[in-house]
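User: I would like a close look at a single part of this structure, the larger nonpolar core and the strands around it. Please explain it in connected prose that a first-year student can follow.

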Amino acid sequence: MQPDFSIGQLAQLFDVPVATLRYYDQIGLLKPSRVDPNSHYRYYASEQVERLSTIKYFRALGLPLDQIADFFEARELPKLERMLTTQQQAVQQQLKTLRAISQRIDSRLAQVQAAQRQPLGVSRLITLPDRPLVTLQASYTPQDDIEWAIAKLRTTYGLSESVFLGKITLLMARRALVAEQFDHYSGIGLLFEAGDHQPQNVATLPGGAFIELNFRGTHADATPYYHQLLAECRQNGWQLNGGAVETALIDYGITNRVEQSVTQIQIPVITPDLTLK
């Protein structure tokens with residue numbers, strides 16, 4: 001006759017904490033075969049050993065305890081098939097979410113690494129594709145509370161639950177550039193990255209030729225770099241082809257050291273007969 005296992009022996013055999021076995025007893029998922037009336041020790045027979053093995057199998061598949069308990073109420077193949085099918089669908093959704101998170105991490109790592117590699121204060125001419133974005137049209141200056149505007153942007157487009165949520169950008173209208181009003185932004189935008197959830201009413205920031213410059217500092221330090229970029233456009237005979245997009249690549253959300261902040265300015269330009277990078 002097979003002797004009963006004590007709760008400690010069963011815990012060691014299945015690598016399960018004793019507290020977990022006590023909890024299973026408490027919720028009725030795994031009752032011991034008997035309890036010593038004097039010592040109150042729990043003992044488990046072969047039937048409970050088999051049941052715990054099934055419980056561990058289901059837990060390894062990610063099934064919650066309430067579903068496992070429901071299965072044991074009436075063990076039958078159709079119920080098992082439905083339970084596993086539902087769990088498979090849940091796992092597929094989790095994998096989709098994890099892949100999206102992985103893409104977001106890759107994008108953010110690439111952004112931070114590129115911000116540290118690229119020379120600061122030096123412009124370059126690049127070609128960018130169309131980029132998805134959402135915008136909130138509102139007058140803004142560097143002295144305003146940008147966090148309030150970001151929260152409103154996310155709420156407006158139902159993006160409050162997103163993680164690693166895109167690149168927050170400040171938008172400067174072409175007329176402000178021409179008038180050299182570099183502290184007058186026309187709105188705030190969110191440029192989506194790989195893996196970001198995009199709302200149905202997402203817009204597009206047109207691609208094309210851009211003059212781009214990264215500088216050490218925040219939005220409040222941008223004015224001399226706008227002067228530099230516009231001077232280079234005049235010198236090369238390039239025409240402005242829209243408003244500026246100003247993005248904090250490394251800001252206080254990433255580092256507490258202000259001297260590590262890096263901000264990027266991109267201005268669309270028309271550059272006839274010029275090969276771009």
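Analyst: Leaving aside neighbours within four places in sequence, isoleucine 267 is in contact with Leu177, Ala209, Phe210, Ile211, Tyr226, Leu229, Leu240 and Ala244. The model in which these contacts are found is a predicted one. Isoleucine 267 belongs to the largest nonpolar core, a set of 35 residues, and is listed with Met172, Leu177, Ile188, Ile211, Tyr226 and Val269 among the residues that have the most contacts inside that core. Several strands and helices contribute to this core: β5 (131-140), β6 (167-172), β7 (185-191), β9 (208-216) and β12 (262-270) each supply at least two residues, and so do the helices α6 (146-156), α7 (174-178) and α8 (223-236). Another core, of 20 residues, lies apart from this one and includes Leu10, Ala11, Leu21 and Ile55.

The strand β9 deserves attention next. Seven of its nine residues are buried, so β9 is largely enclosed by the rest of the structure. Two pairings of β9 can be described. With β12, the strand β9 runs antiparallel, and seven bridges join the two; here phenylalanine 210 stands opposite proline 268 of β12. With strand β4 (residues 123-128), β9 again pairs in the antiparallel sense, over six bridges, and leucine 125 has isoleucine 211 as its bridge partner in β9. Isoleucine 211 is thus a bridge partner in this pairing and also one of the residues with the most contacts inside the core. In a regular strand, side chains alternate between the two faces of the sheet.

The residue just before isoleucine 267 offers a polar counterpart. Glutamine 266 is placed in strand β12. Its relative accessible area is 4%, and because the limit for a buried residue is under 20%, glutamine 266 counts as buried. The side chain of glutamine 266 makes a polar contact, at 3.0 Å, with the side chain of arginine 131. Leaving aside neighbours within four places in sequence, the residues in contact with glutamine 266 are Ile126, Leu128, Arg131, Phe210, Ile211, Glu212, Gly243, Ala244 and Val245. Phenylalanine 210, Ile211 and Ala244 appear here and are also contacts of isoleucine 267.

Arginine 131 can be followed further. Its charged end sits over the ring of phenylalanine 210, 5.4 Å from the ring centre. Arginine 131 therefore has both a polar contact with glutamine 266 and a place over an aromatic ring. In the backbone, the bridge partner of arginine 131 in β8 is leucine 205. That bridge belongs to the pairing of β5 with strand β8 (residues 203-205), which is antiparallel and extends over three bridges. The strand β5 also pairs with β7, in the antiparallel sense and over six bridges; in this pairing, glycine 187 of β7 is the bridge partner of glutamine 137. Both β5 and β7 are among the elements that supply at least two residues of the core.

The approach to β12 along the chain is the last point. Which residues does serine 261 contact, leaving aside its neighbours within four places in sequence? They are Phe215, Arg216, Gly217, Thr218, Ile250 and Asp251. Serine 261 is found in the loop between β11 (244-250) and β12. Although it lies in a loop, serine 261 is buried, with a relative accessible area of 5%. For contrast, aspartate 15 is found in the loop between α1 (7-14) and α2 (18-26) and counts as exposed, at 67% relative accessibility. Histidine 40, in the loop between β2 and β3, is likewise exposed, with a relative accessible area of 56%.

In summary, the strands β5, β6, β7, β9 and β12 and the helices α6, α7 and α8 each supply at least two residues of the core. Within this region, β9 pairs with β12 through seven bridges and with β4 through six. Beside isoleucine 267, glutamine 266 is buried and its side chain is in polar contact with that of arginine 131, whose charged end sits over the ring of phenylalanine 210.

Methods: Residues numbered from 1 in each chain as written. Predicted model: local features only at pLDDT ≥ 70, side-chain atom pairs only at ≥ 80, totals over all residues. Heavy atoms only, no water. Core = buried A, V, L, I, M, F, W, Y, C linked by side-chain atoms within 4.5 Å. Buried < 20%, exposed > 50% of the residue type's maximum accessible area, 1.4 Å probe, protein only. Helix = DSSP H or I, 4+ residues; strand = E, 2+ residues; numbered from the N terminus. Contact = heavy atoms within 4.5 Å. Lys NZ or Arg CZ within 6 Å of the ring centre and 35° of its normal. Polar contact = N/O pair within 3.5 Å; in protein donor to acceptor, adjacent residues only side chain to side chain. Pairing = 2+ DSSP bridges.
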